[in-house]
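Me: I should like to learn how to read individual features in a structural model. May we work through one together?

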Amino acid sequence: MLLMVHHVQKSQTEHLLIVCIAAMLWSGVLLAQDVEITPGAGGAVIISGEVRAPDLGSTPQSSYPLCYDKATGQITNCDSGSVGGGIGPIGAIGPVGATGPAGPKGDTGDTGSAGAKGDTGDTGAAGPTGSAGPKGETGDTGSAGPKGDTGDTGSAGAKGDTGDTGSAGPKGDTGDTGSAGPKGDTGDTGSAGAKGDTGDTGPTGSTGPKGDTGDTGAAGPTGSAGPKGDTGDTGSAGAKGDTGDTGPTGSTGPKGDTGDTGPTGPTGSAGPKGDTGDTGSTGPTGSTGPKGDTGDTGSTGPTGSTGPKGDTGDTGTTGPGNSVFSSALDGTASGVVTATSTTYAAPATGTAAVLTVLATGSQRVLVTLTTHCSASDKDVGCWMGFEASGGLAQSADDDFAVGSSRDVGESPGRNMAQSASFLLQINGNTTFTAKYRLRKNGKTTTFHTSTIIVQVYD
């Protein structure tokens, strides 16, 4: 163990203490790593109590004397005769020796008691944002919250263009006659016709003999009073003669000329309404008047009840187009095939799906590929495309294929079934032949099914 003591020269006593400490530490009593004691400026190293160095006698000799008890190793005061001539003045401090090699690491000391909590330090600068942790599992769906208030009604969207009028459907059977509607209001009374000419008055017949006076009839209603005539001049009163016998009634004289029509009397009060007369015959239809301006559109009336369903019409003739063909039904059906090539090619084993479509002239076709596949190892992949010849010349490639490069794993653990469709233009009879590939060399992909379906449009 190495002890380095940095000391400012003070006195002979201090020097002796330093040497004693060095001897004690060198003796091996303290089994610890090197200890370095450095007093502060103007300070000193002070040790209270006995200082022992049991193995001091076995250390190399030096020119600096030290008094100690050889039996116990206790460092003591020196008597006047033990260091002949007394202790001389302390010489100058020699140069510091080279630092010795580090000793072995000592045992970890016991954990000291926790010190008093220091003041909270200033908040350090924020460290860089760590990478996002893995996504946690989706939590359970929370219970539905209360229903929110109904939002304001949005403004009406712009009116769309009126669609083309569809073709008229077949005429349905005539429905039953509906019940009569309510009687309409009575029309206005037509204008009165022109008054006809007054006929000639016939001759007055001779007055017949007076019959017996009949019983007095019930008094009729009093007519309205006519206009009062002018009062004549009052004649002078004659002497009243005896009343003579009533003579026979003379014959009625001829009718005098009709006097001038007197002024119209005041209008009498309206009599009670008479019974409605019979409806007159319909007059001839008048000529159609000019068309009046179009009136405003009335509000839509309520929707009438749905009438009974009409009889189903006859089935129409079959229209053109939409013929569908399949390699499984109309061509070469493929069984289980395998692929080992990383480019599109015929299957390594088995027969590829093949379908020939007959077409006259230029026609559109919808080509659909379907497959179910698995691989000998994960991420081997499987792809099915097609080659076209005849009315269309086209090689197989990924742009017109169905498949995946990674999702298919070891069979039968992970399989894949999928399909894809492509719209093409052909010109005449065309043959479609399936081609197959995988992703990794040295592996095998199995296509359990593979089908080509073609729909032809006229």
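Me: Let us begin with Asp 398: what is its relative accessible area, and is it buried, exposed or partly exposed?
Reply: Please keep in mind throughout that this is a predicted model. Buried means under 20% relative accessible area and exposed means over 50%. Asp 398 has a relative accessible area of 38%, so it counts as partly exposed.

Me: Where in the chain is Asp 398 placed?
Reply: Asp 398 lies in the loop between strand 7 and strand 8. Its C-alpha atom is separated by 9.7 Å from that of Phe 386, a residue 12 positions away along the chain.

Me: Which residues does Asp 398 touch, if residues up to four places away in sequence are not counted?
Reply: With those set aside, Asp 398 touches Tyr 344, Trp 383 and Arg 437. A polar contact of 2.5 Å joins the side chains of Asp 398 and Tyr 344. Another polar contact, of 3.1 Å, joins the side chains of Asp 398 and Arg 437.

Me: How many salt bridges does a search of the whole structure find, and which side chains meet there?
Reply: The search of the whole structure finds 1 salt bridge. In it the side chains of Arg 437 and Asp 398 meet, at 3.1 Å from N to O. This pair links distant parts of the chain: Arg 437 belongs to strand 10 (residues 430-437), Asp 398 to the loop between strand 7 and strand 8 (401-404), and the two are 39 residues apart.

Me: Is Arg 437 buried or exposed?
Reply: The cut-off for buried is under 20% relative accessible area. Arg 437 has 11% relative accessibility and therefore counts as buried, whereas its partner Asp 398 is partly exposed at 38%.

Me: How should one read a pair of aromatic rings, and how many such pairs are there here?
Reply: A pair of aromatic rings is described by the distance of the centres and the angle of the planes. In this structure the count comes to 5 aromatic pairs. One of these is formed by Phe 386 and Phe 422, with 6.5 Å from centre to centre and 50° between the planes, a tilted arrangement. It links distant parts of the chain, with Phe 386 in strand 7 (residues 382-390) and Phe 422 in strand 9 (residues 416-427), 36 residues apart. Both Phe 386 and Phe 422 are buried. Ring pairs also join residues into a cluster, made up of Phe 386, Phe 400, Phe 422 and Phe 432.

Me: Which cysteines are joined by a disulfide?
Reply: The search of the whole structure finds 1 disulfide. It joins Cys 373 to Cys 382, with 1.9 Å from S to S. Cys 373 and Cys 382 are both buried.

Me: How does one read a polar residue in a strand, and where is Thr 368 found?
Reply: One may take the location, the accessibility and the contacts in turn. Thr 368 is found in strand 6 (residues 362-375). Its relative accessible area is 16%, so Thr 368 is buried. Its side chain and that of Ser 421 are joined by a polar contact of 2.8 Å. Not counting residues up to four places away in sequence, Thr 368 touches Ala 420, Ser 421, Thr 451, Ile 452 and Ile 453.

Me: Thr 451 appears among those contacts. What is the place of Thr 451, and is it buried or exposed?
Reply: Thr 451 sits in strand 11 (residues 445-457). With a relative accessible area of 17%, Thr 451 is buried. Leaving aside its neighbours within four places in sequence, Thr 451 is in contact with Ser 326, Ser 327, Ala 328, Thr 368, Leu 369, Thr 370 and Met 384.

Me: Finally, how many helices and strands does the protein chain have, and what share of its residues is buried?
Reply: The protein chain has 2 helices and 11 strands. From the N terminus on, the order of elements is β-α-β-β-α-β-β-β-β-β-β-β-β. Of the 458 residues in the protein chain, 17% are buried. The protein chain exposes about 36,800 Å², of which carbon and sulfur atoms supply 50%. Among contacts in the protein chain with a separation of 6 or more, residues 24 or more positions apart account for 75%.

Notes
Residues are numbered from 1 along each chain as its sequence is written. This is a predicted model: local features need pLDDT of at least 70, side-chain atom pairs count only at pLDDT 80 or more; totals for chains, interfaces and linings use all residues. Side-chain values use heavy atoms; hydrogens and water are left out. A disulfide is a pair of cysteine sulfur atoms within 2.5 Å. Buried means under 20% relative accessible area, exposed over 50%, partly exposed in between (1.4 Å probe, protein chains only). Helices (H or I, at least four residues) and strands (E, at least two) are DSSP runs, numbered from the N terminus. Contact means heavy atoms within 4.5 Å. Accessible areas come from the Shrake-Rupley method with a 1.4 Å probe; for residues, only the protein chains shown count as cover. Rings of Phe, Tyr and Trp (its six-membered ring) pair if their centres lie within 6.5 Å; planes under 30 degrees apart count as stacked, over 60 as edge-to-face and the rest as tilted. A salt bridge is a side-chain nitrogen of Lys or Arg within 4 Å of a carboxyl oxygen of Asp or Glu. A polar contact is a pair of N or O atoms within 3.5 Å; within protein, one must be able to donate a hydrogen and the other to accept it, and residues adjacent in sequence count only if both atoms are side-chain atoms.
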